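Here are my notes on the model, set out as numbered points. Please read them with the coordinates open.

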2 protein chains.
Amino acid sequence: MLIVQKYGGSSVANTERIFNVANRIIDTVKEGNEVVVVLSAQGDTTDDLIAKAAEIDPNASRREMDMLLSTGEQQSVALMAMAINKLGYRAISLNAAQVGISTSSAYSNAKIRSIRKSRIERELSRGYIVIVTGFQGVNKYDDVTTLGRGGSDTSAVALASALHADLCEIYTDVEGIYTADPRVVKNARKLDYISHDEMVELATLGAKVLHNRSVEVAKKYNVELVVRSSLTKAEGTLVKGDTKMEKVLVSGVASDKDISRITVMGLSDQPGEAFKLFSLLDKAGICVDIIIQSLGRKSKKDISFTVSKQDLPMTLETLEKNKDRLGFAEVSHDDNVAKLSIVGAGMATNSGVASLMFEALFDAGVNISMISTSEIKISVLIDEKDVERGMIAVHDKFNLAESNYRRD
Amino acid sequence: MLIVQKYGGSSVANTERIFNVANRIIDTVKEGNEVVVVLSAQGDTTDDLIAKAAEIDPNASRREMDMLLSTGEQQSVALMAMAINKLGYRAISLNAAQVGISTSSAYSNAKIRSIRKSRIERELSRGYIVIVTGFQGVNKYDDVTTLGRGGSDTSAVALASALHADLCEIYTDVEGIYTADPRVVKNARKLDYISHDEMVELATLGAKVLHNRSVEVAKKYNVELVVRSSLTKAEGTLVKGDTKMEKVLVSGVASDKDISRITVMGLSDQPGEAFKLFSLLDKAGICVDIIIQSLGRKSKKDISFTVSKQDLPMTLETLEKNKDRLGFAEVSHDDNVAKLSIVGAGMATNSGVASLMFEALFDAGVNISMISTSEIKISVLIDEKDVERGMIAVHDKFNLAESNYRRD
């Protein structure tokens with residue numbers, strides 16, 4: 001089998017952990033597999049480099065930031081190759097330029113366009129374990145780009161797809177995907193498998209284990225992922241194309257506190273007002289999540305939406321600058337909110353799920369201020385202080401500690 | 001004018017120094033010049049990375065070492081570009097792969113083969129200051145290589161040659177090339193100019209300011225260098241093609257303590273014995289410097305030579321392993337030796353220079369154990385403890401504090 005394995009920054013943070021991962025890789029080779037490994041930068045390396053750059057210019061150009069940050073992964077792949085060599089196996093490190101990982105030009109947030117296979121395949125055929133820098137690529141100008149937060153997961157999935165790997169293993173510090181964050185919900189259960197669609201929603205909704213873009217890529221190219229621990233031999237969670245035959249209604253609960261609510265009040269109730277508002281925010285690079293619109297007084301309407309906490313200042317500034325153009329009365333915002341979501345592929349055809357969730361929250365005394373639904377998830381906006389209580393209540397209501405919630 | 005400037009690791013060791021250099025670069029631009037900058041890694045970065053690798057494997061493969069170490073320069077060029085941008089000027093950082101600095105395959109000690117000009121010229125024509133990683137290149141396998149100690153000087157000279165730059169400035173922490181090490185010889189004098197040939201000898205013989213390979217490249221492609229301080233506005237020393245019209249006999253004194261003497265005794269006095277000996281050492285990658293051969297007793301001969309202190313253990317081991325093949329009686333060695341040299345282009349035609357040097361050492365009570373001469377230098381092997389005294393004596397004898405020693 002050809003296996004792509006990805007290890008995060010904490011798994012390679014020091015010499016001891018590097019050797020731990022090296023042994024794990026060698027075990028996979030001993031079982032008769034070819035292995036391509038994707039690594040993140042060691043431990044705090046990326047944060048240290050960001051701090052160094054901030055001393056010079058907190059608003060340094062993204063091109064130069066990518067040039068700087070990409071060195072972290074290059075260091076970890078070289079060190080890993082040394083460790084594997086030291087243990088008597090042949091390994092070679094490659095950066096994104098050497099592999100030929102082509103991306104869009106968007107520095108700090110590039111998308112992978114294509115991956116050249118020839119160099120990796122040549123090294124594999126020579127009997128080498130290939131260690132590739134995660135998180136980075138090269139754009140059409142030969143410039144180094146980075147893929148944004150969680151980019152190494154995406155690198156691994158894209159490599160697995162390009163190389164037609166039999167398996168893509170994402171190693172992390174937890175044993176797999178859980179029905180809820182085990183630090184909050186004590187009886188959260190590890191899932192044996194979950195569909196790509198559900199995983200995209202879970203990742204987007206705040207489950208930190210996998211980055212949502214990596215799952216989107218996995219879904220698009222139908223790459224089977226295994227999320228498992230680099231510290232134990234436990235089986236992990238399989239993320240694959242379709243689990244609908246299981247009739248699972250709810251497979252997990254997620255929460256996200258990195259969220260702010262903004263309400264724009266007194267917009268004129270005419271077509272195109274919402275479009276004007278959100279296209280302005282889009283141009284400013286602000287990503288809007290839940291949106292609800294309600295009728296206000298005197299033919300006016302209010303629009304509420306959520307953005308990440310980081311984007312709040314720029315959102316307020318953009319609105320203020322365009323107050324006349326948009327023609328609204330005032331803006332309010334709330335930082336102390338959180339999003340609580342349930343995810344499940346079977347939810348679309350079953351309206352009873354939503355009411356069960358609301359009942360759980362009502363019983364727990366948690367107030368809901370916004371609701372958003374899709375085919376496979378239901379998200380509600382609640383007070384930040386209620387998140388843990390809400391998660392536990394919903395998790396219990398669907399009895400997720402026992403089994404996936406399904407309709408008999 | 002198109003100017004290539006090279007700054008060493010101590011000049012960019014922290015944020016304050018980076019801004020100091022950034023201002024210096026901007027001053028050069030303000031005078032109407034186009035500027036290409038070559039940087040080393042910050043301060044101790046390279047040593048820190050070497051230590052990190054040594055924790056994993058003190059004998060790590062050179063390919064992976066180069067992959068690791070090259071990240072240091074990439075960090076400093078990105079940070080410098082940020083600093084120049086912050087000061088309101090346009091700068092772009094480029095690594096060796098982006099520029100297209102092609103080298104031989106010899107990891108850790110590669111030679112530059114060719115430099116592509118197109119990317120740098122395009123950025124210059126767009127009005128950018130171009131910041132290039134020193135010390136590194138890319139070989140025909142697309143692998144990162146490094147140029148060995150002092151490699152950033154060589155990068156700068158090679159870029160100046162490829163770009164047909166009008167000037168190549170090597171910035172350092174001293175004000176130029178001196179007649180002797182100013183820390184030892186208090187009245188050492190800064191030279192206004194020195195020929196490439198003399199500078200090659202001075203660098204080879206232990207003057208640490210410029211790396212000898214960089215001067216060899218400068219000589220080969222007739223690149224004029226200026227060695228000057230990054231801390232003051234002093235003029236520096238011009239290193240150029242030919243200063244013979246000056247009839248300078250002796251322009252400087254250099255010393256090197258990183259040296260060991262080895263004597264192989266009782267070799268049979270037949271043709272080819274020396275060849276066998278030195279070709280064996282060459283194959284082991286050992287660089288031999290001064291060689292003298294003397295007749296021993298009973299048709300046997302002794303050969304003495306010097307190697308760097310670092311190569312001593314491997315030299316002794318190589319000799320011991322081949323004792324039967326070489327057919328010698330025994331080997332002795334001495335670690336406590338040093339090489340003292342005088343350099344001057346006019347020396348070849350003037351035998352009086354050597355005797356004056358020996359007289360100076362005799363007067364100072366310094367014993368000479370080996371002598372080696374070339375067209376433009378005389379080196380003697382002396383006790384390590386006598387080096388400082390010997391340098392001062394020779395420097396005084398030729399009156400170098402006043403002017404270059406010349407024949408009237």
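1. What rotation, and how much shift along its axis, superposes chain A on chain B? In this predicted model, the operation is a rotation of 180 degrees accompanied by 0.0 Å of shift along its axis, and the superposition leaves an RMSD of 0.1 Å. That is the relation of a two-fold axis. The contact between the copies uses the same surface on both, since 100% of the contact residues of chain A recur in chain B. As for the axis itself, the residue of chain A that comes closest to it is A:T71, with its C-alpha at 2.6 Å.

2. A helix pair made of one element from each chain deserves a look next. Helix α3 of chain A (residues 62-86) packs with helix α3 of chain B (residues 62-86) at an angle of about 170 degrees, and their axes are 8 Å apart. Angles over 145 degrees count as roughly antiparallel, and α3(A) is therefore roughly antiparallel to α3(B). Sorted by class, the residues in this contact are 16 nonpolar, 10 polar and 2 charged.

3. A second helix pair lies within chain A, where the axes of helix α6 (residues 151-162) and helix α8 (residues 212-220) come within 7 Å and cross at roughly 10 degrees. Because angles under 35 degrees count as roughly parallel, α6(A) and α8(A) are described as roughly parallel to each other. From α6(A), the residues A:D153, A:T154, A:V157 and A:A158 meet A:R213, A:S214, A:V217 and A:A218 of α8(A). This contact comprises 4 nonpolar, 2 polar and 2 charged residues.

4. Turning to the interior, which residues of the largest nonpolar core touch the most other members? Of its 43 residues, they are B:V36, B:I120, B:C168, B:M199 and B:L225. Helix α6 of chain B (residues 151-162) gives the most to this core, with 6 residues. Leaving aside residues up to four places away in sequence, B:L225 touches B:V157, B:C168, B:I170, B:L210, B:A218, B:T237, B:L238 and B:V239. There is also a second, separate core of 42 residues, which includes A:Y128, A:L210, A:V217 and A:V227.

5. Helix α7 of chain B (residues 196-204) is mostly covered, with 7 of its 9 residues buried. The buried residues of α7(B) are B:H196, B:E198, B:M199, B:V200, B:E201, B:L202 and B:A203.

6. Is the arginine B:R119 buried or exposed? B:R119, which is found in helix α5 of chain B (residues 118-125), has a relative accessible area of 5% and is therefore buried. Its contacts, not counting residues up to four places away in sequence, involve both chains: B:R119 touches A:R63, A:Y141, A:D142 and A:D143 as well as B:I92, B:L94 and B:Q98.

7. Finally, two backbone positions in chain B merit a check. B:H164 has a positive phi of about 50 degrees although it is not a glycine; B:H164 is placed in the loop between α6 and β9 (167-172), and its relative accessible area of 62% makes it exposed. B:N222, also not a glycine, likewise has a positive phi of about 50 degrees. The place of B:N222 is the loop between α8 (212-220) and β11 (225-229) of chain B, and at 55% relative accessibility B:N222 counts as exposed.

Note on methods:
Residues numbered from 1 in each chain as written. Chains lettered and ligands numbered in written order. Predicted model: local features only at pLDDT ≥ 70, side-chain atom pairs only at ≥ 80, totals over all residues. Heavy atoms only, no water. Least-squares fit on C-alpha atoms with pLDDT ≥ 70 in both. Contact = heavy atoms within 4.5 Å. Core = buried A, V, L, I, M, F, W, Y, C linked by side-chain atoms within 4.5 Å. Buried < 20%, exposed > 50% of the residue type's maximum accessible area, 1.4 Å probe, protein only. Helix = DSSP H or I, 4+ residues; strand = E, 2+ residues; numbered from the N terminus. Axes fitted to C-alpha atoms, helices over the stretch in contact; angles between N-to-C directions. Parallel < 35°, antiparallel > 145°, perpendicular 65-115°, else oblique. Nonpolar A, V, L, I, M, F, W, Y, C, P; charged D, E, K, R; others polar.
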